[in-house]
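Colleague: I'd like to learn how to read a model like this one. Could we go through a few features together?

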Amino acid sequence: MMAALQFPCTIFKTQNRMDDYSAEDMRCGDLTEAQLKSHYRLDYISDRVDPYMLTRRSSMDRPQSMFCCNRRGAGEKISRQQCAMMLFDEFRSLSRNFSIYGPYSHLIEKMIIHMQNGNGTPFHDMSLDTALKEHILNDKSKNSTRLRLHEVIKKNIDWHKKHYPAKEKDKLKEIILGGKLPKFDRFQDDFNGMGITVHDTWATRITIKSLHIYNDHFRAVVHYKVQDHFGLDSDDILKKKFSQFHFFRIWFVLQRYNQFGFKPFMTNMEAIIEIKGAHK
């Protein structure tokens with residue numbers, strides 16, 4: 001007798017694993033001032049403070065000022081804690097350029113606050129779950145994992161025995177591998193707050209929680225679990241598209257400079273969707 005696939009059944013996992021704290025973008029406090037300046041060209045970080053000299057900047061101590069180089073180091077001395085607080089304030093202020101509108105525009109500020117105070121604990125917010133679910137449901141392309149799963153489930157169900165055959169399990173994974181996992185790298189994500197908070201993702205796990213077959217119809221409940229890292233690695237900051245912005249320069253220094261070492265963290269999101277279809 002042909003065996004039926006048992007549920008819940010995890011049908012897909014990325015090669016990148018969940019909760020991978022050894023990933024390069026999860027490092028913190030591992031770079032010296034000399035390394036940041038020589039290898040990463042991070043001499044000038046902020047318009048408000050000099051994190052190396054621990055001094056407050058004036059409007060004349062900025063690259064665009066004719067007095068800049070003569071006044072270097074002449075600013076008011078501040079403590080390391082004050083410097084970090086001022087950098088985080090600037091970090092939050094600059095984030096608004098990447099989250100201009102929409103229901104997720106508040107998320108980047110929440111995540112920056114979490115980096116400042118959360119000590120590396122995982123981050124979850126209902127808005128992230130909503131964004132993931134909307135992304136999956138609104139993807140009508142041929143690469144949509146939801147639509148691809150719909151086709152392969154419908155095609156391989158044993159309609160006579162009213163089950164999904166266990167021997168066809170690999171087809172579920174193959175169809176996902178041929179599609180595109182939900183990522184926030186669309187044009188609108190550059191402005192709605194999701195591109196800056198998540199953008200690409202690190203690990204994804206897809207599980208079919210249940211599959212009900214009745215008459216000539218089926219209903220599958222599918223759980224997506226997605227994880228990203230709120231952290232920067234060397235490749236990120238060495239790219240011109242990141243390093244040109246003070247936003248990313250401040251982020252990298254707060255995370256990686258050995259005098260700060262604020263911990264990056266895991267960003268967790270999940271969504272449960274229904275996939276319904278008919279035999280004919």
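Modeller: Sure, starting with a helix. At 1.5 Å a residue, the 12 residues of helix α6 (residues 145-156) should span 16 Å, and its end C-alpha atoms are indeed 16 Å apart. The expected span is 1.5 Å times one less than the number of residues; helices (H or I, at least four residues) and strands (E, at least two) are DSSP runs, numbered from the N terminus.
This is a predicted model, where local features need pLDDT of at least 70, side-chain atom pairs count only at pLDDT 80 or more, and totals for chains, interfaces and linings use all residues. Residues are numbered from 1 along each chain as its sequence is written, and side-chain values use heavy atoms, with hydrogens and water left out.

Colleague: Which residues of α6 are buried?

Modeller: Buried means under 20% relative accessible area, exposed over 50%, partly exposed in between (1.4 Å probe, protein chains only). In α6 the buried set includes L149, V152 and I153. The buried residues of α6 pack against elements including β1 (9-13) and α5 (126-138).

Colleague: How many disulfides does the structure hold?

Modeller: A disulfide is a covalent bond between the sulfur atoms of two cysteines; the cut-off is a sulfur pair within 2.5 Å. Here there are zero. Take C28: its sulfur is 17 Å from the closest cysteine sulfur, in C83, so that is too far for a bond. C28 is partly exposed, at 28% relative accessibility.

Notes:
Contact means heavy atoms within 4.5 Å.
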